[in-house]
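Hi everyone, thanks for making time. I'd like to walk you through a small set of results today, so have a look at the screen.

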Amino acid sequence: MRTRLSYLRGASVQLAVEAPEPFELDGDAFGDIVALDLRVDERALLVRAPALPER
């Protein structure tokens, strides 16, 4: 089992491995995979936060 953790930034990522590997994303286990294709849907997440107080 691999123990190296990687952080990536981008609009999409494709991954292929030679042998099945366990896959986890954001704390959720997805089982063993041999290939992965992820993409970010632009503007799919709306984050609302209180306004900063005026000085």
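Before anything else, a quick word on burial: a residue counts as buried when its relative accessible area is under 20%, using a 1.4 Å probe and the protein chains only. By that cut-off, buried residues come to just 7% of the 55 in the protein chain. And keep in mind that what you're looking at is a predicted model.

Okay, so what is the chain built from? It has two strands and zero helices. Now the overall spread. The radius of gyration is 17 Å, while the globule rule gives 10 Å for 55 residues, so the chain is more spread out than a compact globule. If you box up the C-alpha atoms along the principal axes, you get roughly 55 × 25 × 15 Å.

Let's turn to the strands. β1 covers residues 12-25 and β2 covers residues 28-39, and they pair in the antiparallel sense over ten bridges. To pick out one partnership, Gln14 is bridged to Asp37 in β2. Together β1 and β2 make a hairpin, with two residues between them. In that turn, look for Asp26, which has a positive phi of about 55 degrees.

What about contacts along the chain? Taking those with a separation of 6 or more, 23% join residues 24 or more positions apart.

Last, the surface and the charges. The protein chain exposes about 6,200 Å², and carbon and sulfur atoms supply 52% of that. There are 10 negative side chains and 7 positive ones, and the centres of those two sets sit 10 Å apart.

Note on methods. Residues numbered from 1 in each chain as written. Predicted model: local features only at pLDDT ≥ 70, side-chain atom pairs only at ≥ 80, totals over all residues. Heavy atoms only, no water. Helix = DSSP H or I, 4+ residues; strand = E, 2+ residues; numbered from the N terminus. Rg over C-alpha atoms; globule rule 2.2 N^0.38 Å. Buried < 20%, exposed > 50% of the residue type's maximum accessible area, 1.4 Å probe, protein only. Contact = heavy atoms within 4.5 Å. Areas by Shrake-Rupley, 256 points an atom, 1.4 Å probe, with all protein chains shown as cover. Lys, Arg positive; Asp, Glu negative; His and termini not counted. Charge placed at Lys NZ, Arg CZ, Asp CG, Glu CD. Pairing = 2+ DSSP bridges.
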